[in-house]
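Work through the exercises below with the structure in view. Try each task before you read its solution.

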Amino acid sequence: MSQLDLSTKPAATVTSSELSASALHDKCLAIASNLWWTWQPEVNNLFRDIDPIRWRQLDHNPIALLRELSPERLAQRASEMVLYSRINHAFRQLKEYTANKQTWGATHAGVLGARPVAYFSAEFGIHESLPIYSGGLGVLSGDHIKSASGLGVPLVAVGLFYDQGYFRQRLDEAGYQVEEYQDTKVENLPIEPAISSDGKPIMVSLQTRQETLLAKVWKMLVGRVELYLLDCDVEGNSPQDRHLTSRLYGGDERTRIRQELVLGVGGVRALRALGITPGAYHLNEGHSAFGPLEVVRQSMQDEAHSFDHALRETAQRTVFTTHTPVPAGHDRFDGDLVEEHLGPLRDELGISYEQLMGLGRVEPQNEHESFCMTVVGLKLSRRANAVSSLHGHVSRRMWAHLWPWRVEEEIPIGHITNGVHVPSWLAWQMRQLYDRILPANWIQRMGEAEVWQHIQNVDPGELWETHNALKNLLLVFTRRRLSRQSRRRGESDAAVDAARNVLDPNILTIGFGRRFATYKRANLLFQDLDRLCALLHDSERPIQLIFAGKAHPKDEPGKKLIQEIANSRHNPRFNDRIVFIEDYDVNVCRHMIQGVDVWLNNPRRPLEASGTSGQKVVLNGGLNLSILDGWWAEAYNGENGFAIGNGTQHVSDEITDQRDAENLYNVLEGTVIPMFYDRDDDGLPKAWIQRMMNSIGTLAWRFSAHRMLMDYARTCYVPAAGGLSCDMNFR
Ligand SMILES: *Cc1c(COP(=O)(O)O)cnc(C)c1O
């Protein structure tokens, strides 16, 4: 409220409470405008307490919530719920956090101070209210920048703004996946137009052989990190191109290469318009690998370098991370698509069509080879890495022919294993427990092994009770979702009622939440139905299963699998011991990983590059039961979870699947189930709780995004930016 407003009103109505009401509303909006709040449990609880039901209905979006509430209504709620001091406290904390310069990054990555890392990713999974991610890759990017913020590693992030995001999943009466896209309301998001160094909203323009593509740029704050998102929905673009960035991974090859042009080349131009000069570039997966070509162009233009010289310099500053262990998973484009979209840039670089295509080919002269984004990423970077130790081996083998003169061990692709952002995935109740058990500043030091040793001092009964409280919350959540699903599908009142009462808190609960790609084998446990039914219905020691996950819209077999599993609820043989929660997203994932006893992961080895959901489970006291693939191959030590099989695979998928299923049944019957139900006089499963402690103590720090960021900073970012070199434990 401006002063003018005040002076025109009769003095009697201008009460101090009215003034503070709008100030209070502004303060709440200021807190909601930095995504820092998403990993502060107290601030989450604060927003929830303003209106718990709307909070849930609005996907936990505080801006949408606040926009519905008049300042007066908010002030009224604040006094009813005693929120004033909590709001002031949160506001102060955010201020202190963003102002604090004494960070790990300031000490260990000082060279990046004036020239930050530019981190490129096609998706960012930060929170459920911001649907610009599809799955693991996006959530990893979100966790990466949150930890960069926490550690104070100077970093700016670049991505695309999808106004329809990724689809929401609904199952029809037949249990078949239907994809629904919703328009995001920009006014409900914590974004604003990015402003250039000369004070105007930034507009990036990209020349193709056919037309000029335009993109505006949004800015978002994720703690201390700025995230810039390019958006093609602007006047001046053709109606079709205005939808270019509407959906994540929507459309055909042409849409894809155009999106990747905007992300890579457009992203580099946006940074320049912002006046940001990156010291290093990090390409998270190949989608942004056109970006370095624009860096080369700028360097040729600014410093009058030759193409070759500029290329060497750019590669020195570029870090590339590959995520895909399957050859078919890498983006490839035909020559004419590349020429149409990169042609004008190629002219400026002064290179021929053949030279450009050669950069994306394993054999530069081979005209039959298409342009591969991973190949160009590898060629334009001096440091490249896979995302787990095993994936490092697979990647070196897969790309060995790029360096035919080297033996496999010397292929220059290392690994940095993925990790998760602890404060985002740790349940509030568990955090309270850690606050009592771990050293006082553990939240700053969560990437250090020593900090987590202290978990051995926890009272087993307390750990068990905390876990069970979280398990109950998961069951409440599951029942609510299932009854809603059931009602929406028009099922009988009896069916809706039954959904309200499914699952039993005393039964061993196994969760499986992930993309329904066939290699992840969601149905492995269904290989032998008699054996599965015996496990589900054992009179003394039964199990129950919670599934969730989306299939890619074009993945028919994946959708069939969902149908098979979702419909098993109505199969009398299973009798409600198997349920499927629709619309797997960050929120569903969070509930599942916080509440399960066991997290099941049974991909066909070695196709899971890393996997991160199991790392989230560790933090909350669940135990992993997994094939020795991805991160688990290096995490499992015999006593901190359970392994399925011993890490071998057969050339025949059919035989591999049979053996893995057999091993899965065996470990469930022989180890997991007996250990869970073996109770002492106090009703505690002593051996199980010991395993929970082993899991937290040995894994939480190693598979944290803080550890991951420290690895990237020390071994990639700092040397790429010209700081003191530190040898990578590449392998
Ligand atoms: C953590 C997470 C993932 C990644 O899990 P995986 O182990 O790679 O399957 C995927 N989707 C969501 C919503 C997540 O939160």
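The exercises cover the domains, one interface and the ligand site of this predicted model.

**Exercise 1. Domains**

Task: State which residues belong to each domain.

Solution:
- Step 1. The domain assignment gives domain 1 as residues 11-99.
- Step 2. Domain 2 is written in two parts, 109-418 and 710-721.
- Step 3. Domain 3 spans 422-703.

**Exercise 2. The interface of domain 1 and domain 3**

Task: Describe how domain 1 and domain 3 meet, using the area buried between them.

Solution:
- Step 1. Start with the distance. Taken over C-alpha atoms, the centres of domain 1 and domain 3 are 35 Å apart.
- Step 2. Count the residues. Domain 1 brings five residues to the contact, and domain 3 brings six.
- Step 3. Take the area. About 590 Å² is buried between the two domains, and carbon and sulfur atoms give 49% of that.
- Step 4. Find the main contributors in domain 1. Trp39, Pro41 and Arg56 lose the most area to domain 3; together they make up 61% of what the domain 1 side buries.
- Step 5. Look for salt bridges. With a cut-off of 4 Å, zero are found across this interface.
- Step 6. Look for polar contacts. With both residues at pLDDT 80 or more, the count of residue pairs is zero.
- Step 7. Sort the residues of domain 1 that touch domain 3. Two are nonpolar, two are polar and one is charged.

**Exercise 3. The ligand**

Task: Which residues come nearest to the ligand, and how much of the ligand's accessible area does the protein cover?

Solution:
- Step 1. There are 14 residues around the ligand. Trp425, Cys589, Thr612, Ser613 and Lys616 come nearest.
- Step 2. Check the ligand's oxygen atoms. One lies 2.6 Å from a side-chain N or O atom of Ser613.
- Step 3. Turn to Thr612. A polar backbone atom of Thr612 is 3.1 Å from an oxygen atom of the ligand.
- Step 4. Add Arg514. A polar side-chain atom of Arg514 is 3.5 Å from a ligand oxygen atom.
- Step 5. Finish with the cover. On its own the ligand has 390 Å² of accessible area, and the protein covers 93% of it.

How values were computed: Residues numbered from 1 in each chain as written. Predicted model: local features only at pLDDT ≥ 70, side-chain atom pairs only at ≥ 80, totals over all residues. Heavy atoms only, no water. Domains from an automatic or database assignment. Contact = heavy atoms within 4.5 Å. Buried area = accessible area lost by both parts, 1.4 Å probe. Salt bridge = Lys/Arg side-chain N within 4 Å of Asp/Glu carboxyl O. Polar contact = N/O pair within 3.5 Å; in protein donor to acceptor, adjacent residues only side chain to side chain. Nonpolar A, V, L, I, M, F, W, Y, C, P; charged D, E, K, R; others polar. Near = heavy atom within 4 Å. Areas by Shrake-Rupley, 256 points an atom, 1.4 Å probe, with all protein chains shown as cover.
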